[in-house]
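User: I'd like a close look at one part of this protein, the aromatic residues and the helices that carry them. Could you walk me through that part, and then through whatever sits around it?

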Amino acid sequence: MQLHDVWFLLIAVLWTGYFFLEGFDFGVGILTGLLARDRSERRVLINTIGPVWDGNEVWLLTAGGATFAAFPDWYATLFSGFYLPLLIILVCLIVRGVAFEYRHKRSGERWQRGWERAIFWTSLLPAFLWGVAFANIVHGVDIDREKNYVGSFWDLLNPYALLGGLVTLVLFTFHGAVFTALKTVGDIRQRARATALQLGLVTAVLALVFLVWTQADRGDGWSLTALVVAVLALVGALVALRLGREGWAFLLSGLTVAAAVAMLFLALFPDVMPSTLDPAYSLTVTNAASSPYTLKLMTWVAVVFTPIVLLYQAWTYWVFRRRIGVQHIPVEEG
């Protein structure tokens with residue numbers, strides 16, 4: 001295995017970690033508008049991700065930075081061709097961060113509800129658009145011989161990509177509902193579990209159609225294995241929820257996300273952005289990669305700093321591991 005293959009694998013791991021963590025993060029944000037019944041319950045939901053949401057986004061920054069350094073042509077084509085949807089995602093993430101920080105600065109109903117609506121919409125839109133983006137990456141887009149995207153924004157809104165967006169939206173919301181059931185107590189925990197069971201069934205149908213479509217389009221034996229793992233993990237998560245084992249349900253819903261993302265990258269390899277105009281124009285791990293020296297230097301940096309980041313983030317989750325409920329919300333903050 002050459003270094004450009006290793007870095008494709010590492011970037012796949014980074015995106016998988018991002019969707020595993022930010023997936024339930026987005027899901028909880030969406031549930032603030034669907035599950036919570038009053039200000040106290042919305043506060044409970046926000047507090048479940050309050051200590052970790054910004055750390056989860058580090059995975060996105062690292063994945064983007066690694067793509068820029070390891071595969072500059074991939075980065076250039078991706079961010080120029082997908083400029084508008086990626087800009088919308090970036091704006092949402094900025095507004096979302098501001099909303100988390102500003103919501104509690106004033107106690108007025110209008111002020112807090114405005115920021116809560118912002119959290120809902122800036123969680124929903126990225127959850128959908130990431131699916132659209134990655135579905136297009138795997139399916140292929142119009143790339144010419146100069147490695148430039150020559151399609152339009154509307155070309156990205158094809159049926160396969162829109163289905164991919166719906167899959168990530170419902171999958172992340174399901175993942176967030178399972179996380180909510182794991183992190184809360186009382187009535188909101190019971191309703192989160194019931195919501196997760198309902199969403200799980202919808203997720204199963206949409207995800208199965210999308211993953212089978214992907215397998216038929218670009219899959220091989222490895223991607224088929226990942227598909228089977230994703231399906232079995234989702235079924236296991238639903239069974240664990242039925243039994244009231246939220247911890248196992250969360251691990252299995254996370255495995256569902258990880259296996260689904262892994263399948264996309266396995267179906268994509270060795271391409272990084274296939275061309276629908278001519279397979280010869282496709283960006284691959286070979287023709288889009290940086291120099292061997294750059295990849296070697298990056299590898300040593302990753303070996304040193306990656307364990308530090310993982311240990312710190314694991315410690316953060318351990319510190320804030322306890323369940324919370326409306327009884328933990330001070331009256332003046334509700």
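Analyst: Let's start with a cut-off: a residue is called buried when its relative accessible area is under 20%. Tyr160 has a relative accessible area of 2%, so Tyr160 is buried. Keep in mind that this is a predicted model. The protein chain averages a pLDDT of 90, and 98% of the residues score at least 70.

Tyr160 belongs to the aromatic part you asked about, so here is that picture. The count of aromatic pairs comes to 32. One of them joins Trp15 and Trp130 edge-to-face, with 5.2 Å centre to centre and 65° between the planes. That pair links distant parts of the chain, as Trp15 is in helix H1 (residues 3-34) and Trp130 is in helix H7, 115 residues apart. Trp15 sits at 8% relative accessibility, so it counts as buried. Trp130 is buried too, with a relative accessible area of 5%.

Now back to Tyr160, which pairs with Phe210. This pair is stacked, at 4.9 Å centre to centre with 25° between the planes. Again the link is between distant parts of the chain: Tyr160 comes from helix H8 and Phe210 from helix H9 (residues 187-218), 50 residues apart. Phe210 is at 4% relative accessibility and therefore counts as buried.

The two Trp residues from the edge-to-face pair also turn up in one aromatic cluster, where Trp15 and Trp130 are joined by residues including Phe8, Tyr18, Phe71, Trp74, Phe172 and Phe269.

Helix H8, home of Tyr160, deserves a moment of its own. In the protein chain, confidence is highest in H8 (residues 159-183), at a mean of 95, and lowest in helix H3 (residues 53-56), at 84. With 25 residues at 1.5 Å a residue, H8 should span 36 Å, and its end C-alpha atoms are 36 Å apart, so the two agree. As for its surroundings, 21 of the 25 residues of H8 are buried, so the helix is largely enclosed by the rest of the structure.

Just ahead of H8 there's a backbone oddity. Lys147 lies in the loop between helix H7 (109-139) and H8, and its phi is near 70°, a positive value in a residue other than glycine. Lys147 counts as partly exposed because its relative accessibility is 26%.

Phe269 from the cluster brings us to a second oddity. The peptide bond from Phe269 to Pro270 is cis, with omega near 5°. Pro270 lies in the loop between helix H11 (246-268) and strand S1 (271-273). Both spots stand out because most residues other than glycine have a negative phi, and most peptide bonds are trans.

Past S1, have a look at Ser282, in the loop between S1 and strand S2 (283-284). At 6% relative accessibility, Ser282 counts as buried. A polar atom of its side chain lies 2.8 Å from the backbone nitrogen of Ser275, and the Ser282 side chain also reaches the backbone oxygen of Pro279 at 3.1 Å. Leaving aside residues up to four places away in sequence, Ser282 touches Asp271, Met273, Pro274, Ser275 and Asn287.

One last ring: the charged end of Arg321 sits over the ring of Trp318, 3.9 Å from its centre.

How values were computed. Residues numbered from 1 in each chain as written. Predicted model: local features only at pLDDT ≥ 70, side-chain atom pairs only at ≥ 80, totals over all residues. Heavy atoms only, no water. pLDDT = per-residue confidence, 0-100. Helix = DSSP H or I, 4+ residues; strand = E, 2+ residues; numbered from the N terminus. Buried < 20%, exposed > 50% of the residue type's maximum accessible area, 1.4 Å probe, protein only. Polar contact = N/O pair within 3.5 Å; in protein donor to acceptor, adjacent residues only side chain to side chain. Contact = heavy atoms within 4.5 Å. Phe/Tyr/Trp six-rings, centres within 6.5 Å; stacked < 30°, edge-to-face > 60°. Lys NZ or Arg CZ within 6 Å of the ring centre and 35° of its normal. Expected span 1.5 Å × (residues − 1).
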